[in-house]
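Welcome! Here is a short guided look at a structure that may be new to you. Please keep the sequence and the 3D view at hand as you read.

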Amino acid sequence: MKKNLTSGWSRRRFLQAGSGLLATSALHFGYSKTALAKAIGQALPQFTALRPAQKGILTAAHWGAFEAIIENDRMIGVQPVSDDPVPNELIAMAPWQVYAPNRIKTPMVRKSWLENGPGSHPERRGRDEWVAVSWEKAIALVSTEIKRLQQDYGPSAIYAGSYGWKSTGMLHNCRALLQRLMNLCGGFLSYSGDYSTGAAQVIMSHVVGSMEVYEQQTSWPNVLEHSELVILWGCNPQTTLKNSWNVPDHVGLEGFAQLAEKGVRTIAIDPIRQAGAKALNAEWIAPHAYTDSAMMLGIAHTLLSEQLHDEAFLKRYTVGFDRFRASLLGEDDGVVKNAQWASKICGVEAETIRQLARDMAQKRTMIMAGWGIQRQHHGEQPHWLLVTLAAMLGQIGLPGGGFGFSYHYSSGGSPTARGGIISGISAGEAPKNAPAPIPVARIADCLANPGKTIDFNGRQVTYPDVKMVYVAGGNPFHHHQDTNNLLQAWRRPETIVVQEPYWTATAKHADIVLPCTTSYERNDLDMGGDYSQLYVFPMRQCVAPQHQARNDFDIFRAIAARLGVEQAFTEGRDEMLWLKAMYDNMKGQARTAGVALPPFDMFWQSNSYIRFPVPEANKQWVRFADFRADPLLNPLGTPSGKIEIFSQRIAAMQYADCPGLPGWLPPQEWHGSPLAERWPLSLNTAHPALRLHSQLDNTPLRKKHAVANREEILINTQDAARRGIRSGDLVRAFNARGQILVGALVTEDIRPGVVRISEGAWYDPAEPAQPGTLCRNGNVNCLTVDIGTSMLAQGNCGHMAQLEIEKYQGDAPPNTAHAMPSGVI
């Protein structure tokens, strides 16, 4: 029987709401503000899903939803929305983002490119003069270049993947808008995968039939009720859960706080004793960097040899365990992968490994794994082995048991609400002649080596000759590995366009720079809760666009007009009409789900957000429960329909660096490699606590974490003492790929032989455009290695490098990472 959407409403309430809705239909016909406010005030109480703002203008960012406080047309402060259980200080940087001194004020063109045309003196990128031009001129230059390259070389000449975290918002999604434009203009070279989970998302599709890393997790209420042991393997959720791809609901942070309050036993496996582990009072096991796979094999052997594994589960729900058993026992290579063997590699005592296996088998265990362990050479192996361990324990699909790869990201496990979903603007369909995408982390290799062919997940990819790179909402000079290698590759394209609010290093190394607005200078909509889909937030324009900045939608619309595709690009809608269409679509879904919402005009004028109800059943949702209940009716998306501990499909690819069975494959760089004799310290590139990757590095939050005005480096007391380094010292960290200047923080909370430098510090070369020069701000990717994880996934290895450190001698050089380019005001 279809549910009556007005059930529970009195006739009086229904008529009151109806009169309000009729009144709002006059919004576009001159209805007085007083009458409008009265009509809205009468109608809104009927819509119980709405949450009104308290004192400011509602908007949102990757780090939370909040109200912007405005005085005299300026943003002066913020206030978190009342529903946020764990707001953080990152939202307080919104005014600074708007009025940052290093905003790009006007369209700019590199002088050599402007005077001599595309391809002129690419070696001057990063140190050439800049020339201010009008928007009309800038749009003409960009559109002419797109047209020229499409006509002369075709879509493969333009790389417009524009990877990056962009700003929140479903309309001004610059990546989707850029791709929409390029698809309408003939196509472009795009990418596959991402930097976050490049290896894991590919291997998991073969092992459990889905990406898994972005799937909903067993709900937090269920974990809190049933989990007896929680393993945090290579993650620091108290840091990473501050942010989300859309707008965070911060339920995950609340879940971890309740986990600590309940006193659930927690074990953190990480070379660093993270602040989050301390907050959870977690036991700390510190393996050598990049040796997780060996430690997992030692655990697996203990489960097998002590008959703690669940043979019945393995027979019914997996394939290939017989081969894995043989490998553990050394029947294939003569090497028994027991705890003693693992201990020699990972540095964890053999008895600690054995006891961990026993504890995991005796308790209802949830393994919560991070993604850093797969951003390494052979990064496919750790996640594959973690699933294998969970299968041996036999708890997959049980309340509070199994594994999860998203508890540390965007509040995986936050129970899913019932309502509607905002669908963003579409990138459209690629033309038939559009080139195949390249693995995203291979972009520098692609730029430098046109015509090169690589293996990728069972097929081969040949790099095209890229003539133009268009970056919008991304920051390659901060998220790509081996910055000096990128610097060389960056010189090959004829034209580089960057669309950006700030003078990042990527913008400084462009040919054409287009200043776009921050999300606080335009109107938009976004979801709150990547997994819960709990909220819909209006992102109302808080202040006028600064300087000559334009909205992303308007920039691409202007280019589309020059290229003759404006109507197809806009579909006849402006900003507010697009938002209304998105809202109306979501409103229809909510109505079907039994949630009544007002018309768009009333919603927008009310300065309210939407909170959808969460069904009680969703609070006890268990991942893989259906599969466990009946694997025949609910098969996984693998060839066998089961968990594939051995993958025949991968084995058929015959990749030496990723065979059909998970195991320990020594990485190119680690403490046991020959390189370690020259570069003895292993690098850990953690997520920063007070920014999102490189976002917010140009704000006053730096003062809370920077040491000696540089990115900090965590050094164990023993390693520091050998080198005469103390906390607060300037330190040069270096290897064969580059050198950076960092500030020392000496601590016992990091394993000897490992140093930590958070990713995301803006690149600041002492000698601009000179590869190998000292980065004065501590951009860690000057040190990381740019190779694929394997021929299977071709993911990035941003979590891996061997290096050396020394106390910096001489006067401290200036840090100009956040300064305007020379000669630009």
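Let us begin with the cysteines. The structure holds zero disulfides, a disulfide being a pair of cysteine sulfur atoms within 2.5 Å. Cys346 is in no disulfide, and the nearest cysteine sulfur, that of Cys235, is 18 Å away. Cys446 is in no disulfide either, with the nearest cysteine sulfur, that of Cys797, 18 Å away. Cys346 counts as buried because its relative accessibility is 0%, and Cys446 counts as buried, also at 0% relative accessibility. Buried means under 20% relative accessible area, exposed over 50%, and partly exposed in between (1.4 Å probe, protein chains only).

A word on the source: this is a predicted model, in which local features need pLDDT of at least 70 and side-chain atom pairs count only at pLDDT 80 or more, while totals for chains, interfaces and linings use all residues. Residues are numbered from 1 along each chain as its sequence is written, and side-chain values use heavy atoms, with hydrogens and water left out.

## Charged pairs

Side chains of opposite charge can pair when their charged atoms come close. The structure holds 42 salt bridges, each one a side-chain nitrogen of Lys or Arg within 4 Å of a carboxyl oxygen of Asp or Glu. Three of them are listed here.

| Salt bridge | N to O distance |
|---|---|
| Lys111 and Glu129 | 3.9 Å |
| Lys278 and Asp749 | 2.4 Å |
| Lys337 and Asp332 | 3.8 Å |

What does the pair of Lys111 and Glu129 tie together? Lys111 lies in helix α4 (residues 111–116) and Glu129 in the loop between α4 and β6 (130–132), so the pair ties together parts that are 18 residues apart in sequence. Helices (H or I, at least four residues) and strands (E, at least two) are DSSP runs, numbered from the N terminus. At 27% relative accessibility, Lys111 is partly exposed.

The bridge between Lys278 and Asp749 links parts that are 471 residues apart in sequence, because Lys278 lies in helix α11 (residues 275–279) and Asp749 in the loop between β28 (738–747) and β29 (754–757). Lys278 is partly exposed at 38% relative accessibility, whereas Asp749 is buried at 19%.

In the third pair, Lys337 is buried, with a relative accessible area of 7%, while Asp332 is exposed at 53%. Elsewhere, salt bridges that share partners join Glu145, Arg148, Asp465, Lys467 and Glu494 into one network.

## Arg756 and its surroundings

Arg756 sits in strand β29 and is buried, with a relative accessible area of 13%. The side chains of Arg756 and Glu712 are joined by a polar contact of 3.4 Å. A polar contact is a pair of N or O atoms within 3.5 Å; within protein, one must be able to donate a hydrogen and the other to accept it, and residues adjacent in sequence count only if both atoms are side-chain atoms. Leaving aside residues up to four places away in sequence, Arg756 touches residues including Ile272, Asn684, Leu714 and Ile750, where contact means heavy atoms within 4.5 Å.

## Strand β27 and its partners

Strand β27 (residues 730–735) is mostly covered, with five of its six residues buried. Six bridges join β27 to β28, and the two run antiparallel; strands pair if DSSP finds at least two bridges between them. A hairpin through two residues joins β27 to β28, and Val731 has Val742 as its bridge partner in β28. β27 also pairs with strand β31 (residues 802–807) in the antiparallel sense over four bridges. There, Phe734 stands opposite Glu804 in β31.
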